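Student: I have a model open and would like to learn how its structural terms are justified. Could we go through them together?

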2 protein chains.
Amino acid sequence: MSNEQIKRRGLLLVLSSPSGAGKSTLSRLLLEKDENISMSVSMTTREPRPGEIDGVHYNFVSQNEFDDLVNKDGFLEYATVFENSYGTPAAPVEAALRDGKDVLFDIDWQGTQQLNQRVGSDLVRVFILPPSKDELLDRLKARAQDSDEVVAKRMAKANAEISHWAEYDYVIINDNLATAEAELFTILNAERMKRARQSGLSDFVNDLTKD
Amino acid sequence: MSNEQIKRRGLLLVLSSPSGAGKSTLSRLLLEKDENISMSVSMTTREPRPGEIDGVHYNFVSQNEFDDLVNKDGFLEYATVFENSYGTPAAPVEAALRDGKDVLFDIDWQGTQQLNQRVGSDLVRVFILPPSKDELLDRLKARAQDSDEVVAKRMAKANAEISHWAEYDYVIINDNLATAEAELFTILNAERMKRARQSGLSDFVNDLTKD
């Protein structure tokens, strides 16, 4: 018997970061390279954009359906942004965890706080930081014609997100993408090995020590 | 800036296991391959055996010196075995942690419980299990001429140690040495990246977000 054969409970991996720290790229690499983790699909009341597929990019629902699930306490986290509601339904995530599957969340500090209150020890929170202030500024100046005002606004938003770094379990400084990716896998694989998640260990130890 | 350049607090890595689960081999590999971790040197009142060097294998002291340190609360853990006392002095370990160095402990469940009460969040506890009961029996039958009684005694001792597996943060089933070694490094490297140990992050984030 080896650890990989031991039944375990899945985990929720949260990645948060200011805009431009490489979170989307790291999420994509994780999903491409690891078969046991999948992206959480949010529910939203906004209209689908061209190319967006119901059930893949989002579950598109009416405001009534959304409010119904809120009233049933059926969301792990939800928020309203510009009159549209977004949320993570609890049921599919809880089914995945029971089945030993991991779920990736690409959410901000507010969603992370809500998740933390709801799921506690299933959560692994990773915050991704840019390597320096200059690098952050470069990445926020997406286009040469951006006004100073626009860049200053983005910087203020980035700083507001960064101010919550200490609410996370791990912090990755994304100086080099390959290093950051390796660090993310190291964290994910170590967390999978936590004794408390390896629900099959109890039976294994019983077999090991019985007369 | 990258995570490796961030000042961090060291950690205490505890390896425990029943006899014959591969703990000594894994400890040796860790010490050989990782420059930032060193073995904790115990203090003992027993006589040095041929080849044992004071300050390397043990710090050899008199019973009076040992009792003195006990009275000053100067041990992280200590125990008396067959009239000899053994213990881990706190001062060198605490200096290592402040200096960002990790310390390896090869101790049983009783020492681990004492350490846990004393150092708490600096501690990373890993328990190593054999892959099966047959394998455990094979390893305990060190010599063909061992009597059934001797083997049964060793098995009882192994089972007593195994019964404390759930007091550890991680459990590694040592089915294949290379896999177990990789798992141990994954755990060590992830724990090093924990936000709470990366004491230099606070200054780094200040630089990142200042005007």
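Tutor: Gladly! Let's begin with one pair: M39(B) lies opposite L104(B), a residue of β7(B). Keep in mind that this is a predicted model.

Student: What makes β2(B) and β7 of chain B a pair of strands?

Tutor: Two strands pair if at least two bridges are found between them. β2(B) is joined to β7 (residues 102–106) of chain B by three bridges, and the two run parallel. Three bridges satisfy that cut-off, so the two strands count as paired.

Student: How do you know which strands of chain B stand at the edges of the sheet?

Tutor: The order in chain B is β2-β7-β1-β8-β9, an open sheet of five strands with parallel pairing. β2 (37–39) and β9 (170–173) of chain B each have a single partner strand, so one side of each lacks a neighbour in the sheet and they stand at the edges. From one strand to the next, the twist averages 25°.

Student: And what is the strand order in chain A?

Tutor: Chain A has an open sheet of five strands in the order β2-β7-β1-β8-β9, with parallel pairing. Its edges are β2 (37–39) and β9, each with a single partner strand.

Student: Why do β1 and β8 of chain A count as paired?

Tutor: Five bridges join β1 (residues 12–16) to β8 (residues 123–129) in chain A, and the cut-off is at least two, so they pair. One example is V14(A), whose bridge partner in β8(A) is R125(A).

Student: Which helix lies across β1, β2, β7 and β8 of chain A?

Tutor: That is α1 (residues 23–33) of chain A, which runs at about 165° to β7(A).

Student: Why are the two copies described as related by a two-fold rotation axis?

Tutor: Chain A is superposed on chain B by a rotation of 180° with 0.0 Å of shift along its axis, at an RMSD of 0.0 Å. The copies are therefore related as by a two-fold rotation axis. In chain A, T186(A) has the C-alpha nearest the axis, 2.8 Å from it.

Student: How do you know that the copies meet through the same surface?

Tutor: Of the interface residues of chain A, 100% are also interface residues in chain B, so the surface is the same. The contact takes 35 residues from chain A and 35 residues from chain B. α7(A) gives the most to the side of chain A that touches chain B, with six residues. The residues of that side divide into 18 nonpolar, ten polar and seven charged.

Note on methods: Residues numbered from 1 in each chain as written. Chains lettered and ligands numbered in written order. Predicted model: local features only at pLDDT ≥ 70, side-chain atom pairs only at ≥ 80, totals over all residues. Contact = placed C-beta atoms within 7 Å. Helix = DSSP H or I, 4+ residues; strand = E, 2+ residues; numbered from the N terminus. Nonpolar A, V, L, I, M, F, W, Y, C, P; charged D, E, K, R; others polar. Least-squares fit on C-alpha atoms with pLDDT ≥ 70 in both. Axes fitted to C-alpha atoms, helices over the stretch in contact; angles between N-to-C directions.
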